[in-house]
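User: Please take a close look at one part of this fold, the way its helices and strands pack together. Start with the rings, and keep the sentences short.

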Amino acid sequence: MAPTPAGDRRTRVHVVSDVHGNARDLARAGDGADALVCLGDLVLFLDYADHSRGIFPDLFGAEHADHLVALRTARRFEEAREFGARLWAGVGEDRVSVIERAVRKQYAEMFAAFPTPTYATYGNVDMPPLWREYAGPGTTVLDGERVEIGGWVFGFVGGGLRTPMRTPYEIGDEEYAAKIEAVGEVDVLCTHIPPEVPELVYDTVARRFERGSRALLDAIHRTRPRYSLFGHVHQPLVRRMRIGATECVNVGHFAGTGRPWVLEW
């Protein structure tokens with residue numbers, strides 16, 4: 001990475017989200033930047049573009065992954081859960097232990113790829129209790145917290161809101177709103193999920209509205225940050241729009257693009 005900013009030199013930050021197992025590109029994501037910001041979802045449970053990749057197909061095969069994706073895409077979530085439960089019933093080991101072991105393997109690779117310094121928050125498919133074991137001294141994990149980078153204040157809020165998908169780090173609306181409130185007024189508001197705006201939460205490939213945050217949208221109107229940065233929606237209807245004084249940017253599905261979004265000031 002570039003040297004620490006000094007004097008009036010411009011600051012360059014690279015931002016990624018939804019890494020989903022792409023350690024190869026993650027290792028280069030900070031090249032030329034003063035810092036890397038990661039907005040979560042390091043884990044790859046199932047790649048919707050390539051059903052042979054991820055924890056689920058590693059355990060049950062691509063054919064079963066095809067069927068699970070078809071059920072979820074059709075929003076047949078209860079059938080998807082029942083199908084998954086039947087598969088897991090055939091595994092001769094506790095489900096939680098199997099998943100945690102697979103996630104630990106991915107985290108070891110992901111966190112080793114983070115450059116110094118990295119500022120990161122959790123996505124909805126992440127397992128926050130494990131992060132403290134893998135985050136090295138060059139990685140700062142923030143959730144409902146603020147940090148200064150190059151004279152600008154960045155606020156971080158991780159996780160997602162509750163959905164029928166029941167991913168690991170989904171929390172209630174009140175808890176999420178409290179973290180937004182704790183961050184307060186910042187220059188750059190960094191979250192995993194987008195504000196609750198139809199154009200920003202609709203996924204054109206999954207053909208569904210993902211959950212965005214009304215509390216985040218209210219905070220954007222109230223505190224007017226320069227930027228609101230987020231991920232979560234892999235193929236959004238709109239990747240960028242202004243809300244009042246704030247530039248709202250989906251920083252991309254890094255697993256698919258391998259390219260960070262660049263912020264300079």
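Analyst: Two rings of Phe, Tyr or Trp count as a pair if their centres lie within 6.5 Å, and planes over 60 degrees apart make the pair edge-to-face. This is a predicted model. A search of the whole structure finds 16 aromatic pairs. Take one of them, Phe60 with Trp88. The ring centres of Phe60 and Trp88 are 5.1 Å apart, and their planes stand at 85°, so this pair is edge-to-face. Phe60 belongs to helix α2, residues 55-60. Trp88 belongs to helix α4. The two residues are 28 apart in the chain, and the pair links distant parts of it.

Stay with helix α4, which spans residues 77-89. Helix α3 covers residues 62-73. The axes of α3 and α4 come within 8 Å, and they cross at roughly 155°. An angle over 145 degrees counts as roughly antiparallel. That makes α3 roughly antiparallel to α4. The crossing of α3 past α4 is left-handed. Which residues meet here? From α3 come His64, His67, Leu68, Leu71 and Arg72. From α4 come Phe77, Glu79, Ala80, Phe83 and Leu87. Sorted by class, the residues of this α3 and α4 contact are 6 nonpolar, 2 polar and 2 charged.

Now move to the sheet. It is open and has 6 strands. Read across, their order is β5-β6-β9-β12-β14-β13, and the pairing is mixed. The edges are β5 (145-149) and β13 (240-243), each of which pairs on one side only. On average, neighbouring strands of this sheet are turned by 20° against each other, with direction ignored. Look inside the sheet at β6, residues 152-157, and β9, residues 188-191. These two strands run parallel, joined by 4 bridges. Within β6 and β9, Phe156 has Cys190 of β9 as its bridge partner.

Helices pack against these strands too. Helix α7, residues 173-183, lies across β5, β6 and β9. The direction of α7 is at about 170° to that of β6. Helix α9, residues 214-223, also packs on the sheet. Helix α9 touches β9, β12 (227-230), β13 and β14 (246-250). The direction of α9 makes about 55° with that of β13.

How do α7 and α9 lie relative to each other, parallel or antiparallel? Their axes come within 9 Å and cross at roughly 25°. Angles under 35 degrees count as roughly parallel. Helices α7 and α9 are therefore roughly parallel to each other. Here α7 passes α9 in a right-handed crossing, whereas the crossing of α3 past α4 is left-handed. On the α7 side, Ala177, Ile180 and Glu181 make the contact. On the α9 side, the residues are Ala215, Leu216, Ala219 and Arg222. By class, the contact of α7 with α9 holds 5 nonpolar residues, 2 charged ones and no polar ones.

Two loops round off the tour. One lies between α5 (95-113) and β3 (118-120), and Pro117 sits in that loop. The peptide bond from Thr116 to Pro117 is cis, with omega near -5°. The other loop runs between β10 (202-203) and β11 (208-209), and Arg207 is placed there. Phi of Arg207 is near 60°, which is positive in a residue other than glycine.

Terms used: Residues numbered from 1 in each chain as written. Predicted model: local features only at pLDDT ≥ 70, side-chain atom pairs only at ≥ 80, totals over all residues. Heavy atoms only, no water. Axes fitted to C-alpha atoms, helices over the stretch in contact; angles between N-to-C directions. Parallel < 35°, antiparallel > 145°, perpendicular 65-115°, else oblique. Left-handed = near helix turned anticlockwise from the far one by under 90°. Contact = heavy atoms within 4.5 Å. Nonpolar A, V, L, I, M, F, W, Y, C, P; charged D, E, K, R; others polar. Pairing = 2+ DSSP bridges. Phe/Tyr/Trp six-rings, centres within 6.5 Å; stacked < 30°, edge-to-face > 60°.
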